Amino acid sequence: MSARNAKPSLAGPRTVALVPAAGRGLRMGGRIPKQFLALGGRPILAQSLLVLQASPLIHEIILAVPQSERQYCLDHIVATGEFSKVTKVVPGGAQRQDSVRHALAEVSQEAEMVLVHDAVRPFLTEDMIRRVVAAAVEHGAAIIALPMRDTVKYVGAGGVIERTVDRRPLWLAQTPQAFRRDWLEEGHHKAFLAGVQATDDAHLVELIGKPVVVVEGSGENIKVTRPEDLVIGEAILSSRTAARSPE
């Protein structure tokens, strides 16, 4: 077995990664869901999975994908053997939150921690995984985020600025996000019963009164949502490849 395909030794509490990949990617403008578009010669989804697969902290990966793409994922991701940690591929839901809930329902009670990572953030790193899981083990829940660095304006009717907002306490949430399994299950269960829709899982954990801490991430950890993000993504990949190459 080559070093590239060798299974990393697993460490720490049993952690299952959930990867919601059921979005339609309408802002990309094409017919192919954005998570399956090519980036660096691979689907964006596969770029994200490469990092999760290589992490010694991740014991298992569960994908949530469009029902129409489930067989493709089974044939071209699971069956290749490259991503041996992918144990289940479940149909996603209408919203991201539904997809995470479907995947979460497949997590064994033996798992202590759950890490959620968007398929279309292909530039996560092992360092991010390590730091966010460590923070979640200590505090119960943690997310990768970036402090707001630009000046923030509150704009009212007619596009008129009403005030400048203090940016110091403002952070931009990213993924990966890590949680105690029971906290995330409680948050999703209560949100489902109440009809609450959130744009990230940390919000659901906040709603049940649990603390969520932030771990500073990287500006490279972009979410691919628009065509220009693919151009930026190729540049990030090229830069990382050059940094790894011997001089």
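Let's start with strand β7 of this predicted model, where both faces are covered: Ala141, Ile143, Ala145 and Pro147 are buried on one side, and Ala142, Ile144 and Leu146 are buried on the other. Why do the residues split into two sets like that? In a regular strand the side chains alternate between the two faces of the sheet. Seven of the seven residues in β7, which covers residues 141–147, are buried, so the strand is largely enclosed by the rest of the structure.

**The neighbours of β7**

β7 has partners to look for. With strand β10 (residues 171–180) it pairs in the antiparallel sense, over six bridges. If you want a spot to check on screen, find Ile143, which stands opposite Gln177 in β10. With strand β11 (residues 213–216), β7 pairs in the parallel sense, over four bridges. Here the spot to check is Ala145, which stands opposite Glu216 in β11.

While you're looking at β10, find Pro176, which sits in that strand. The peptide bond leading from Thr175 to Pro176 is cis, with omega near 15 degrees. As background, most residues other than glycine have a negative phi, and most peptide bonds are trans.

**Another covered strand: β1**

Now jump back towards the start of the chain. How many of the residues of β1 are buried? Six of its six are, so to speak, under cover. On one side you'll find Thr15, Ala17 and Val19, and on the other Val16, Leu18 and Pro20, all of them buried.

β1 pairs with β6 in the parallel sense, and four bridges join the two. Leu18 of β1 faces Val116 of β6 across that pairing. β1 also runs parallel to β4, this time with five bridges, and there Pro20 stands opposite Ala64.

Here are the strand pairings we've met, side by side:

| Strands | Sense | Bridges | One facing pair |
|---|---|---|---|
| β7 and β10 | antiparallel | six | Ile143 and Gln177 |
| β7 and β11 | parallel | four | Ala145 and Glu216 |
| β1 and β6 | parallel | four | Leu18 and Val116 |
| β1 and β4 | parallel | five | Pro20 and Ala64 |

**On to the helices**

Helix α1 takes up residues 44–54, and nine of its 11 residues are buried, so this helix is largely enclosed by the rest of the structure. The buried ones are Ile44, Leu45, Ala46, Gln47, Ser48, Leu49, Val51, Leu52 and Gln53.

In α3, the buried residues are Gln97, Asp98, Ser99, Val100, Ala103 and Leu104. What covers them? The cover includes strands β1, β4, β5 and β6, along with helices α5 (181–194) and α6 (201–207).

Just ahead of α3 is Gln95, in the loop between β5 (86–91) and α3 (96–104). Is Gln95 buried or partly exposed? Its relative accessible area is 45%, so Gln95 counts as partly exposed. Gln95 and Ala198 are 103 residues apart in sequence, but their C-alpha atoms are 9.5 Å apart in space.

Further along the chain, helix α7 (residues 227–244) holds Ile236. With a relative accessible area of 9%, Ile236 falls under the 20% cut-off and so is buried. Leaving aside residues up to four places away in sequence, Ile236 touches Phe123, Glu220 and Ile222. His102 is another story: Ile236 and His102 are 134 residues apart in sequence and 32 Å apart in space, C-alpha to C-alpha.

**Stepping back**

Time to zoom out. The protein has seven helices and 11 strands. Its C-alpha trace spans about 60 × 45 × 40 Å along the principal axes. For 247 residues, a compact globule would have a radius of gyration near 18 Å, and the protein's 18 Å agrees with that.

Of the 247 residues, 44% count as buried. Among contacts with a separation of 6 or more, 75% come from residues 24 or more positions apart. The accessible surface comes to about 12,700 Å², and 53% of it belongs to carbon and sulfur atoms.

And the charges? There are 29 positive and 27 negative side chains, and the centres of the two sets lie 2 Å apart.

How values were computed:
Residues numbered from 1 in each chain as written. Predicted model: local features only at pLDDT ≥ 70, side-chain atom pairs only at ≥ 80, totals over all residues. Heavy atoms only, no water. Rg over C-alpha atoms; globule rule 2.2 N^0.38 Å. Buried < 20%, exposed > 50% of the residue type's maximum accessible area, 1.4 Å probe, protein only. Contact = heavy atoms within 4.5 Å. Areas by Shrake-Rupley, 256 points an atom, 1.4 Å probe, with all protein chains shown as cover. Lys, Arg positive; Asp, Glu negative; His and termini not counted. Charge placed at Lys NZ, Arg CZ, Asp CG, Glu CD. Pairing = 2+ DSSP bridges.
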